Amino acid sequence: MSQNLHPGLNLGASHGDAHQQSELSVFGFWVFLMSDLITFGVLFATYAASSTPIAMAGGPGPAALFDLTSTGMQTAFLLASSLTCGMASLALKYREGPRRIALWLAVTALLGAGFLALELRDFADMIAKGATPMRSGWLSSLYALVGLHGLHITAGLVWIVVLLLLIWRRGVTDLIKTRLLIFALYWHFLDLVWIGIFSVVFLRGLA
Amino acid sequence: MKLLGNLNWDVTPFSDAINDPSTNTFVAAGAASLVIIGAVSVLILLTWFRLWRPLWRDWLTSADHKRIGVMYIVLALVMLARGVAEGAVMRGHQAMALNGGPLSADHFSELFSTHGTIMILFVAMPLVTGLINIVVPLQIGARDMAFPVMNQVSLGLTAAGAALIMVSLVIGRFETGGWTAYPPYTGKVFSPGEGPDYWIWSVVPAGLGSMLSGINFAVTIYKCRAPGMTYMRMPLFTWTALCTAIMMIYAMPPVTVSSLMLALDRYAGFHFFSNDLGGNMMNYANIFWMFGHPEVYILVLPAYGVWSEVAATFSAKQLYGYVSLVTATMSIAVISFTVWLHHFFTMGQSASVNIAFGIATMIIAVPTGVKVYDWMATLWRGRIRMTVPVIYLTGFFILFVIGGLTGVILANPTIDYQVHNTLFLVAHFHNVLIPGVLFGMLAGIHYWFPKVFGFRLDETWGARAAGLWVVGFCLTFLPLYVLGLMGMPRRSPSFTDPAYLPMEYLAAFGAVVILGALAATFTTYIVSIRHRKWLAVPLGDPWDGRTLEWATPAPVPEWNFAVIPEVSSRDAFALEKEGGTPYAPVSRYADITLPRRTTMGLTVCVATTGTGFALVWHIWWLVILCFTGLLLTMIARAFATNTEQIIPAAEVARQHRRWLDAIAQNTGITRDAECTSANRGLAAPDEVIR
Ligand code: HEM
Ligand SMILES: [Cu+2]
């Protein structure tokens with residue numbers, strides 16, 4: 001493994017071990033994402049199978065509950081956070097220093113938190129209208145799918161905090177460079193899943 | 001608020017036995033006592049022999065793939081003992097169950113539910129995972145798994161699930177809806193107790209652990225092979241491990257998700273699978289079997305890998321049809337994701353859907369058939385030694401083909417309508433799981449045991465055990481085909497037709513033979529440990545092996561290979577021996593970096609068990625405590641430094657040279673002498689077969 005496998009990480013051309021290690025971690029994480037995609041896939045399938053009048057059991061449906069302005073704003077927040085996450089990666093690639101990387105990460109976290117706040121507000125609104133997950137099979141599957149994505153975002157926020165702490169304490173070491181790359185994969189993956197949710201759940205629900 | 005949730009003194013089988021003395025409650029109390037006595041004796045023995053420190057230092061905190069593999073297998077053997085005992089109790093009960101029977105219907109249901117769950121998730125899975133752990137890095141010339149600490153965590157999660165099932169024997173009751181736990185029966189309305197919760201919180205960690213194992217195996221095989229070990233040079237066991245790993249990655253998430261959805265239904269009143277308000281249990285059946293069917297191939301593929309290695313080694317021939325075996329393995333892995341619906345042919349979809357899945361199911365028998373022919377051709381005109389693994393292989397050949405054929409029969413929806421949910425099905429799946437998976441794993445343990453521990457297993461006791469397993473299997477399960485065709489439903493706590501009795505008696509007698517087989521299996525291990533001096537094979541190659549793992553000392557040092565080997569062909573070690581160039585001296589040794597010991601896996605195990613137990617009994621403060629602990633452990637790991645240890649080159653050189661010297665001083669043994677005490681692990685074969 002002598003070739004430079006992750007040019008964006010600046011692991012150094014001659015440092016074979018770091019390359020080998022990051023190759024394992026990055027590849028391993030890709031594999032994990034495939035597995036996670038199955039998890040989401042199962043919930044997407046459940047949601048699709050539950051999008052029937054029977055599964056709505058006479059309860060409120062998409063038309064009564066979905067607010068495209070809010071979900072549209074959530075989409076904007078998340079897409080913007082992906083952009084800033086990408087900026088963090090670029091800051092790493094062009095050696096702009098730990099401060100820059102940390103700054104972009106922090107902005108990413110703020111945007112993610114904004115997304116989460118809006119999502120929670122939507123949930124609260126729905127619950128106020130009596131649309132709890134216990135109301136119908138369709139609502140159960142809706143909360144599960146959207147909620148699982150929200151949980152992933154929450155985990156991502158914790159992850160950013162850990163990364164920031166690590167950068168603050170140790171600087172941008174090889175290990176942290178690899179973790180930044182992995183985090184970026186995770187965050188973009190969540191973006192992609194959200195695009196799926198936005199289209200399949202919210203857009204189609206109102207179509 | 002109750003500090004201990006729903007816990008109180010009345011949930012133990014002991015209070016049942018006191019309040020309502022009967023055979024039924026005594027059996028339950030007896031089983032609970034066995035768990036307690038077993039646990040206490042282990043503690044006493046560990047203290048008596050002063051084993052706490054080695055247990056902690058060399059095992060529980062070790063990140064060495066071989067030790068983790070051994071721990072998986074020990075866990076599996078303990079659970080096997082319980083599972084087989086439950087099987088025998090069920091057979092005993094059913095033999096007396098004309099118009100009644102000693103156990104209550106609920107108790108019988110608990111038995112088949114725990115038995116099925118244990119056998120699949122806590123016996124077969126850990127056996128497979130353990131064996132892959134031990135063997136794969138050695139076969140591909142790696143120092144360890146790609147992620148040694150995650151490996152520990154996987155083991156911790158699996159052990160947590162197993163621990164919870166063990167606890168359920170003493171505190172409270174287990175679920176009564178079978179190992180599949182179909183709602184709505186397992187929902188809150190029909191099963192308000194703690195049973196299904198025990199099932200859920202055993203299955204979820206085990207599923208997560210297996211998913212992580214799958215990632216670990218796949219990355220190891222893709223990225224950590226020695227130079228020159230191209231895909232088409234990998235030993236077949238590694239190939240099967242790769243396919244199993246990929247299947248674990250894709251098939252474990254569905255069961256984790258479906259179990260968690262069931263948990264949401266039960267704990268939070270969701271309506272995924274309930275009867276009312278738009279729930280749909282067919283979603284559960286589909287998701288569960290998207291895991292369930294691939295699962296059986298996750299289990300059997302590594303067994304096929306064992307058969308491939310055993311057939312080639314013990315006939316001293318190159319594996320026949322390597323490419324076709326690889327292709328067959330990959331085909332099975334793919335097709336097995338397209339057949340799940342055969343588990344519910346009778347649940348109301350159209351005939352055309354049924355027939356599509358029926359045909360897919362029959363097709364999957366083709367690659368397996370190819371394999372059986374390949375193994376037979378490998379043995380053909382080979383230099384066969386009737387060692388214990390070969391005895392298992394012989395049993396497998398005959399019995400597994402029967403099991404496969406009854407599978408093809410069941411794949412026909414019209415026939416399935418007649419025999420589904422009968423003992424015919426029970427006979428079929430035991431017929432593939434026992435001769436296929438269990439025999440394969442027992443053979444694999446016998447085959448690789450000397451590599452890990454440095455001494456062979458006793459052949460006499462091993463042969464007795466193998467013989468008893470084969471005979472016991474036939475007596476116990478072949479009669480069930482007959483009973484199934486007579487119409488006897490599976491999971492029956494009692495029946496009214498005396499015509500079932502003769503076959504029931506035969507099966508009950510068979511269960512006694514199987515108990516004997518289990519005892520003989522454990523006796524093999526004990527006798528071998530006693531005679532380890534005679535059986536020692538320190539030079540590392542007791543069977544004239546063909547693949548890389550045999551080119552190391554036994555037991556293998558922690559770093560596996562003094563220098564990473566360069567591979568230039570399939571069966572590299574066999575070719576080196578033929579060419580007279582094995583055990584080449586090494587001119588330069590280098591320092592070796594290995595993961596340091598860590599308590600990560602153990603902490604995860606304890607915290608997960610605690611979380612699960614607290615969830616079962618609704619002890620919310622304990623849930624929060626344990627789960628927070630779990631999260632903090634994982635976060636803390638991100639800050640860990642100093643996670644590696646360095647083995648100095650001089651130490652590596654010293655041990656390696658000592659081994660090479662010992663080889664130079666030994667004359668080796670011919671294949672006929674493999675099972676004598678002259679076998680020190682150096683092969684000097686008398687002829688080469690091509
Ligand atoms: C070794 C001796 C064994 C005995 C005596 C035994 C016996 C039994 C019996 C009596 C049942 C209940 C059948 C019924 O539904 O009427 C059963 C179910 C089952 N067994 Fe075994 N078994 C043995 C080994 C195994 C092994 C090795 C496995 C898997 C690796 C296994 C997996 C299962 C499963 C999955 C079920 C279905 C449980 C359910 O209905 O949910 N068994 N077994
Ligand atoms: Cu199947």
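Start by selecting B:Leu277, which sits in the loop between α8 (236-268) and α9 of chain B. Its phi is near 50°, a positive value in a residue other than glycine. Keep in mind as you click around that this is a predicted model.

**Next stop: the copper ion**

Now select ligand 2, the copper ion, and bring up its protein donors: B:His293 through ND1, B:His342 through NE2 and B:His343 through NE2. Those atoms lie 1.7 to 2.0 Å from the ion. Along the chain, the donors follow the spacing H-x48-H-H. To see what that spacing does in 3D, color helix α9 (residues 281-315) of chain B, where B:His293 lies, and then the loop between α10 (322-335) and α11 (351-379) of chain B, where you'll find B:His342; the pair therefore ties together parts that are 49 residues apart in sequence.

**Two cis peptide bonds in chain B**

Zoom to B:Pro183 and B:Pro184. A cis peptide bond joins these two prolines, with omega at about 0°. B:Pro184 belongs to the loop between α6 (148-170) and α7 (195-223) of chain B.

Then jump to B:Ala554 and B:Pro555. The peptide bond from B:Ala554 to B:Pro555 is cis too, and here omega is near -5°. For B:Pro555, look in the loop between α17 (532-535) and α18 (572-579) of chain B.

**Splitting chain B into domains**

Give chain B two colors: one for domain 1 (1-50), another for domain 2 (51-598 + 643-673), as the domain assignment has it. The C-alpha centres of these two domains of chain B lie 30 Å apart. In their contact, 19 residues come from domain 1 of chain B and 14 residues from domain 2 of chain B.

How much area is buried between domain 1 of chain B and domain 2 of chain B? The figure is about 1,400 Å², with carbon and sulfur atoms giving 68% of it. On the domain 1 side, show B:Asn24, B:Val35 and B:Leu46 as sticks: they lose the most area to domain 2 of chain B, together 37% of what that side buries.

For something charged, select B:Asp16 and B:Arg173, whose side chains meet in a salt bridge (2.5 Å, N to O). One salt bridge is what the rule finds across this domain interface of chain B. Turn to polar contacts and there are seven residue pairs between domain 1 of chain B and domain 2 of chain B, both partners at pLDDT 80 or more.

Which elements give two or more residues to the side of domain 1 of chain B that touches domain 2 of chain B? They are α1 (13-19) and α2 (23-48) of chain B. Highlight α2(B) in particular, since you'll see eleven residues there, the most given to that side. Sorted by class, the residues on that side divide into 13 nonpolar, four polar and two charged.

**Over to chain A**

Hide chain B for a moment and look at chain A alone. Its secondary structure comes to seven helices and zero strands. Along its principal axes, the C-alpha trace of chain A spans about 65 × 30 × 25 Å.

**Where the chains meet**

Bring chain B back and select the contact residues: 34 residues of chain A are in contact with 28 residues of chain B. Between the two chains, about 2,600 Å² is buried, and carbon and sulfur atoms give 73% of that area. Pick out A:Leu24, A:Phe27 and A:Met134, the residues of chain A that lose the most area to chain B, together 19% of what that side buries.

Which two side chains meet in a salt bridge of 2.6 Å, N to O? Select A:Glu23 and B:Lys223 and you have them. Across the interface of chain A and chain B, the rule finds one salt bridge, along with seven residue pairs in polar contact, both at pLDDT 80 or more.

To finish, color α1 (16-49), α2 (53-56) and α6 (137-170) of chain A, each of which supplies at least two residues of the side touching chain B. The largest share of that side, 16 residues, comes from α1(A). Color the side of chain A that touches chain B by class, and you get 19 nonpolar, eleven polar and four charged residues.

Notes
Residues numbered from 1 in each chain as written. Chains lettered and ligands numbered in written order. Predicted model: local features only at pLDDT ≥ 70, side-chain atom pairs only at ≥ 80, totals over all residues. Heavy atoms only, no water. Contact = heavy atoms within 4.5 Å. Buried area = accessible area lost by both parts, 1.4 Å probe. Salt bridge = Lys/Arg side-chain N within 4 Å of Asp/Glu carboxyl O. Polar contact = N/O pair within 3.5 Å; in protein donor to acceptor, adjacent residues only side chain to side chain. Helix = DSSP H or I, 4+ residues; strand = E, 2+ residues; numbered from the N terminus. Nonpolar A, V, L, I, M, F, W, Y, C, P; charged D, E, K, R; others polar. Domains from an automatic or database assignment. Donors = N, O, S within 2.8 Å, 3.2 Å for Na, K, Ca; no water.
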